[in-house]
Amino acid sequence: MEGRKNSRTTSRDGTSSTEKRRAPSVSIAQHAGGFDPDLGRLLERVAGLAPRIRKELPVRRDPATTRNLYGEQQLELDIWMNDRFVDALRDSKLVAQVASEEMGRVKEVGRGRFSVVLDPLDGSSNVKSNNIFGTIFGIFDRKALPARGMDLFAAGYLIYGPATTFVYATGKGVHEFVQGGVHPDEFALIAEGIRLPPKAKLYGIGGHRDKWIPEVKAFAGELERELMNLRYGGSFVGDFNQILHYGGFFAYPAQVGKPAGKYRLHFESNPIAFIAEAAGGAGTTGTERILDVAATGIDQTVPTYVGNRDLIDRFRSRF
Ligand code: F6P
Ligand code: MN
């Protein structure tokens, strides 16, 4: 399933065999740099914000006075994180444009080769309850925003959970890192070439059952009868990460009166669909591959269904 995993056992004195052997850990910059040196540098900047973000979590918990372009109340943390990522991307000198869920527009930040789309704090309602949330990003190479998902060069996410993890994908595969394994602030490779497990275990569907379109109601019933386990955590990045590790089907669907769903194509659905495909899975709007959806505006939303390819194929055959 996974190409490589660091193995670690803990001895009686509490030190792990990894610490004793000081096994050489592979950093994000080294790993992604092997694919493209500029990508390695950019991802290192993105992941490098994680320790600072974690330190702010206990102190930036209040609502801000502003709303984002989807009319959602922003948190102080939404805005602060957005600004940290924009600054880091600008400082990298590798980026030309940035667009984020919080800014609602494309911002010119320099003359670099990359354009970056970003949901700085995905799952903001989980901040108050101390549940999983994260940062989702997509990277285009020499493409003006907004651009189609198909043209993504790389995508990834950070999860600020019990551990901070970083996942990135290129067309060549999906890889996962954890912060603090050997050195406190650094990320080290824990899984390389991740594939969705062929036997899908989990399903999760957002929105309201009474409002789901009939195809979703029927499919959810089938998955329940097939004894798949329900998981819904209220952050796309956390919910998708479970699918990546255990296999399954996750959706924020089209609903009656809301045919375009909730998830933002550029900041959420495209990067996650790109990662799903790179792990052997798929992503659909029901009628179209997510990555093929034409980019018409930065605020587009799409019904979003991602997961194991066989499940997505089965689901989309109903439309
Ligand atoms: O960004 C949108 C989002 O916060 C997702 O991360 C999450 O999956 C979803 O909204 C939660 O929506 P709801 O509160 O309707 O379950
Ligand atoms: Mn989000």
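This section describes the surroundings of two ligands in a predicted model, together with two details of its backbone.

In the predicted model, the space taken by ligand 1 is the largest pocket. The shell around ligand 1 is formed by E101, D122, G123, Y232, G234, S235, F236, Y252, K262, Y263, R264 and E268, and by residue class this shell divides into five charged, four nonpolar and three polar members. Oxygen atoms of ligand 1 take part in contacts with both backbone and side-chain atoms of the protein. On the backbone side, an oxygen atom of the ligand lies 3.0 Å from a polar backbone atom of F236. With regard to side chains, an oxygen atom of ligand 1 is placed 2.6 Å from an N or O atom of Y252, and a distance of 2.5 Å separates an oxygen atom of the ligand from an N or O atom in the side chain of E268. Of the 400 Å² that ligand 1 exposes when taken alone, 78% is buried by the protein.

E268 also belongs to the coordination of the manganese ion (ligand 2), to which D119 and D122 contribute as well. The donor atoms are of type OD in D119 and D122 and of type OE in E268, and they are found at 2.0 to 2.2 Å from the ion. Along the sequence, these donor residues follow the spacing D-x2-D-x145-E. Because D122 lies in strand 6 (residues 114-122) whereas E268 lies in helix 9 (residues 265-278), this pair ties together parts that are 146 residues apart in sequence. Both D122 and E268 are, in addition, among the residues that surround ligand 1, and the two residues are thus shared between the shell of ligand 1 and the coordination of the manganese ion.

Two features of the backbone conformation may be added. The peptide bond leading from L145 to P146 is cis, with an omega value near -5°, and P146 is located in the loop that connects strand 7 (134-141) with strand 8 (152-160). N130, although not a glycine, adopts a positive phi of about 55°, and this residue is part of the loop between helix 6 (125-129) and strand 7.

Key:
Residues are numbered from 1 along each chain as its sequence is written. Chains are lettered from A and ligands numbered from 1 in the order in which they are written. This is a predicted model: local features need pLDDT of at least 70, side-chain atom pairs count only at pLDDT 80 or more; totals for chains, interfaces and linings use all residues. Side-chain values use heavy atoms; hydrogens and water are left out. A residue is near a molecule or strand if one of its heavy atoms lies within 4 Å of it. A polar contact is a pair of N or O atoms within 3.5 Å; within protein, one must be able to donate a hydrogen and the other to accept it, and residues adjacent in sequence count only if both atoms are side-chain atoms. Accessible areas come from the Shrake-Rupley method with a 1.4 Å probe; for residues, only the protein chains shown count as cover. On a 1 Å grid over the protein atoms alone, a cavity is a set of points where a 1.4 Å probe fits but cannot get out, and a pocket is an open set with protein on both sides within 12 Å along at least five of seven lines; lining residues have an atom within 4 Å of a point. A molecule sits in a cavity or pocket if more than half of its atoms lie within 2 Å of its grid points. Ala, Val, Leu, Ile, Met, Phe, Trp, Tyr, Cys and Pro count as nonpolar, Asp, Glu, Lys and Arg as charged, and the others, Gly among them, as polar. Donors are N, O and S atoms within 2.8 Å of the metal (3.2 Å for Na, K and Ca); water is not among the atoms, so sites may look incomplete. Helices (H or I, at least four residues) and strands (E, at least two) are DSSP runs, numbered from the N terminus.
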